[in-house]
Amino acid sequence: MRLGFLLIAAGLLSLLGLGCCWLRPALQERGGGGSANCTVLAVRQLGERFACTFSCGAACRGTARYPCLQVLVRTSRSSAPALLHEDERQLRTNPKCSYIPPCARDDQENSENVTYKQKYWKEKVGSQPFTCYFNQHLRPDDVMLKRTHDETVLLHCFLWPVVTFLVGVLIVVLTICAKSLAIRAEAIKKKKHL
C-alpha cells in the first residue's frame, strides 16, 4: 500500500517537475515555429575567429580558436535569407555561426573541420531543398537543421510519469481489493463454522 502511494506521489511530482522545467519551455519554443523547405543561398567563412575549450584528459584543458562558418538559406515560408544553425543548443552557444567544430587543440585542425563543412554545404547539398525548422516569434532570422525538443522527447516526458502514477493507483486498488476479499473470506469462514 505504501509502495502504491509512493509511486502515485512520484508520478505526480515528476509530471509536475517535468511539466514546469522541460515541457513548458519546449512547447513555448515550438509555439511560433514549424518546419519549412530550405535551400542554400550562400556559404561563407567570416574573418572572425571564436574561442572554444578543448579537453585532453582529466587535468588538461585549454582554449583554441575556430573560424566562423555561415550558411545562409532561403525558406519556403519567407524570401528573406536566414542563418542556418545545427540546433537550438548551437544557436545559443554561438548565434553568429552556423557550425561549431568539435574543439581540437590545434587551430589548424579546427579550420580544416570548418572548411570540410563548408565544402559539404556547397558541393553535397548545394541547391537541393532540405527540411529546416524555425520560430518566427523568438528568432525570425535563424533556422535550425534539427530540433532539440522533438515529439518523442515530449512524449517520454509525459508518458513515464503517467505510467508511474497509474502503476501506483493499480497497486493501491489491488491492495484494497485483496484486503476486502480477505475480510469477506474470513466472514464466510466464520458463517460456515457457526
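Val 167 sits in helix H4, which covers residues 151-193. The model is a predicted one. With a relative accessibility of 38%, Val 167 is partly exposed, because that value lies between the 20% and 50% cut-offs. Val 167 belongs to a nonpolar surface patch, together with Leu 155, Leu 159, Trp 160 and Val 163. The patch has about 420 Å² of accessible area in total. Cys 177 is also partly exposed, at 38% relative accessibility.

**Overall fold**

The protein chain holds four helices and five strands. Read from the N terminus, their order is α-β-β-β-α-α-β-β-α. Of the 194 residues, 31% are buried. Among contacts with a separation of 6 or more, 72% join residues 24 or more positions apart. The chain exposes about 12500 Å², and 60% of that comes from carbon and sulfur atoms.

**Helix H3**

Helix H3 spans residues 107-125 and has 19 residues. From first C-alpha to last, H3 reaches 26 Å, close to the expected 27 Å. Its buried residues are Asn 110, Ser 111, Val 114, Gln 118, Trp 121 and Val 125. Gly 126 follows H3, with a positive phi near 55°.

**Disulfides**

The whole structure contains three disulfides.

| Pair | S to S distance | Citation of values |
|---|---|---|
| Cys 38 and Cys 132 | 1.7 Å | sulfur atoms of the pair |
| Cys 52 and Cys 103 | 2.0 Å | sulfur atoms of the pair |
| Cys 68 and Cys 97 | 2.1 Å | sulfur atoms of the pair |

Cys 38 and Cys 132 form a right-handed link, with 55° about the S-S bond. This pair connects distant parts of the chain: Cys 38 is in strand E1 (residues 33-55), Cys 132 is in strand E4 (residues 130-135), and 94 residues separate them. Cys 38 is buried at 0% relative accessible area. Cys 132 is buried too, at 0%.

The disulfide of Cys 52 and Cys 103 has a torsion of about 70° about the S-S bond, so this one is right-handed. Cys 52 lies in strand E1, while Cys 103 lies in the loop between helix H2 (88-93) and H3, 51 residues apart. Cys 52 is buried, with a relative accessible area of 9%. Cys 103 is partly exposed, at 24%.

For Cys 68 and Cys 97 the torsion is about -130°, so their disulfide is left-handed. Cys 68 is in strand E2 (residues 61-75) and Cys 97 is in the loop between H2 and H3, so the link ties together parts 29 residues apart in sequence. Both cysteines of this pair, Cys 68 and Cys 97, are buried.

Conventions. Residues are numbered from 1 along each chain as its sequence is written. This is a predicted model: local features need pLDDT of at least 70, side-chain atom pairs count only at pLDDT 80 or more; totals for chains, interfaces and linings use all residues. Side-chain values use heavy atoms; hydrogens and water are left out. Helices (H or I, at least four residues) and strands (E, at least two) are DSSP runs, numbered from the N terminus. Buried means under 20% relative accessible area, exposed over 50%, partly exposed in between (1.4 Å probe, protein chains only). Contact means heavy atoms within 4.5 Å. Accessible areas come from the Shrake-Rupley method with a 1.4 Å probe; for residues, only the protein chains shown count as cover. Patches are made of residues with over 30% relative accessible area and no salt bridge: like charges are joined within 9 Å, nonpolar side chains (Val, Leu, Ile, Met, Phe, Trp, Tyr) within 5 Å. A salt bridge is a side-chain nitrogen of Lys or Arg within 4 Å of a carboxyl oxygen of Asp or Glu. The expected span of a helix is 1.5 Å times one less than its number of residues. A disulfide is a pair of cysteine sulfur atoms within 2.5 Å.
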